[in-house]
Amino acid sequence: ATMGHVFFAVFTLFSIAAMHLIGPVLTSTAIGSERLNRTLDVLLMTPISSWQLVTGKLFSRLFTALVLIGLSLPVLAIVRLLGGVELEDMFGALALAACVALSSAAMGLLLSCWMKRAWAVILMCYLLQAAIYCILPLTIAVLIANSGGSSSRSMWGWITVFTASNPLFTAATRTMPGSGMFGGWWEACYVQIGFAACLTMLSAVIVRRIGRKQAGGRGVTTDAPPTPAPHHLVPADLAPADLAVPPPLPSEPYLSTRSNATSKPISSRAVSNSPILWRELRQPLFPKLWQRVVAVIAVLGNLIFSYFAFGFDRSGVGDEDVHIGYAFILHTLLTLIAVVLSSTAIATEKESDTWTLLIVTPVSGGSVVLGKFFGVFRRLFWPWLLVVFHFLFFTVYGVLSIWSALVVIWVALTFNIVWIATGLYLSLRLRRVTSAVVTNLLLVLTVYAAIPILIAVASPRRLWEEYDPSELCYYWLPYWYLGFGIDEISSGSRSVLDHGNTFNVPVVIQQWPIVYFIHFALISGLVQVLISWAILWFASTRFDKIVGRARG
């Protein structure tokens, strides 16, 4: 029964987090692809209303998420046989996961009305969800904990509202013993359904405004050629040459010369010998200025607000454990950005029909793959620079050591390059954007979560008497390097066990000096780079066969 309860708690949290990630992916191209293919005008000319259009797009894309939730029913049946879980909690968890998929997909649909590119929609959704469900609740919780004037009744009232509005917190509290005081599953479902309804109605209003704006611009233009006169109105004595275009007025050459004289000269930009690389290095993370402004305000605003919420003292941002949490969150955001950008780099070209023009050019497959890789790496530079700024700032502030900051920066850079390589390969193999992004996300979850759990469960019990078999997974888990590097190096430890085995250090390196750990982190990052190079090399050599292009 205890095993069944623990498994149900982990399964519920995983399902809700997965729906938060998959929902925006499913609807990221709902309206934007129609605008790119110029088929939105055709849809708006039909008798279909804007409400029917957005709801049809939403529920047709949502079917994939519902299928994934339905596939988990056999797993929950096994949990039910083990005991420890009520039937109401099982259906409540499934209903909440479906409602979370609905609300996150509605958010992706809304942003798809404003943005044409899939990666911009997905990244903006992830930023908004991180601000709504993670950063804002944590900072509010810290503020409530630091305030001493809050009454007990207002505190419990805030916790009840917070539980109903945050699905992850609802799942965490409902799977804990004695969690009936925090509300139920269905209140959280009602909040998510209401949130999705508001986002869907706003999407319908935006689509309607797009249709009215385009319909209002279809007036009679002044540049249209004049309609020729009927033959029976043309005098018979006019020759065919007289019916030609009349000579220009005397003022026309003057106006033309004046216009050419006052017009700004067009500056020419030289294109390098690698046109794919030249183009990709000039692609911004967000294509429009307002999107960049919103992203910068959302990220920096929440980050600075969290600094003041924790407080600039030893128990706040002056504590190393707080920066371990920052490292985990920032590295996870970097991983999500790398997964989304790389998985949509080539799949977006396929969906917008520019892929056919690209592969008929004499550009080699290696140039395409490397150009896309460095383009994704270039767009990942600004989020990675945020990590560099954060940890170097607190190194100068005196909280962290310089070696802790360098280890975190190195791990955040190298351990995400491999997901850029896998995303490019999946984007090359798969046609749809949603398939490439979901597959790459599942690959990340498999490497970081499923394989360690499988090793821990499948290991013989006799091995646990000597050492923990799951210690083998620490070598490729970036979070272990981040947590251990900040905690032990910043504490001034000379060896790994000076402050105790906090992060379950493997037996092999328990007596290592800290300098050996730094070298080991450096080697692990280089291994990630070599794995990425091998994936890119394989994709480059198999490029022509994958895309069906004859070798020239």
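In this predicted model, R279, E280, E349, K372 and R379 are joined in a network of salt bridges. Six salt bridges are counted in total. Within the network, the side chains of R279 and E280 meet with an N to O distance of 3.1 Å. R279 is partly exposed, because its relative accessibility is 38%, whereas E280, at 3%, is buried.

R279 also forms a salt bridge with E349, with the closest N and O atoms 3.5 Å apart. Since R279 belongs to helix α12 (residues 275-280) and E349 to helix α15 (residues 347-351), this pair ties together parts that are 70 residues apart in sequence. E349 counts as buried at 11% relative accessibility. E280, in turn, meets the side chain of K372 in a salt bridge of 2.9 Å, N to O. K372 lies in helix α17 (residues 365-379) and E280 in helix α12, so this pair ties together parts 92 residues apart in sequence. K372 is buried, with a relative accessibility of 2%.

Turning to the interior, the largest nonpolar core comprises 134 residues, and M19, L123, F286, W355, F391 and F543 have the most contacts inside it. Helix α6 (residues 87-114) gives the most to this core, namely 17 residues. Beyond its sequence neighbours up to four places away, M19 touches P24, A65, I69, A97, V100, A101 and S104.

On the surface, V296, L300, I304, F308, F312, F389, F393 and Y397 make a nonpolar patch of about 800 Å². Helices α13 (289-310) and α18 (381-396) each supply at least two of its residues, and the largest share, four residues, comes from α13. F308 is found in α13; this residue is exposed, as its relative accessible area is 60%, and the cut-off for exposed is over 50%.

Notes:
Residues are numbered from 1 along each chain as its sequence is written. This is a predicted model: local features need pLDDT of at least 70, side-chain atom pairs count only at pLDDT 80 or more; totals for chains, interfaces and linings use all residues. Side-chain values use heavy atoms; hydrogens and water are left out. Patches are made of residues with over 30% relative accessible area and no salt bridge: like charges are joined within 9 Å, nonpolar side chains (Val, Leu, Ile, Met, Phe, Trp, Tyr) within 5 Å. Accessible areas come from the Shrake-Rupley method with a 1.4 Å probe; for residues, only the protein chains shown count as cover. A salt bridge is a side-chain nitrogen of Lys or Arg within 4 Å of a carboxyl oxygen of Asp or Glu. Buried means under 20% relative accessible area, exposed over 50%, partly exposed in between (1.4 Å probe, protein chains only). A nonpolar core is a set of buried Ala, Val, Leu, Ile, Met, Phe, Trp, Tyr and Cys residues joined through side-chain atoms within 4.5 Å. Contact means heavy atoms within 4.5 Å.
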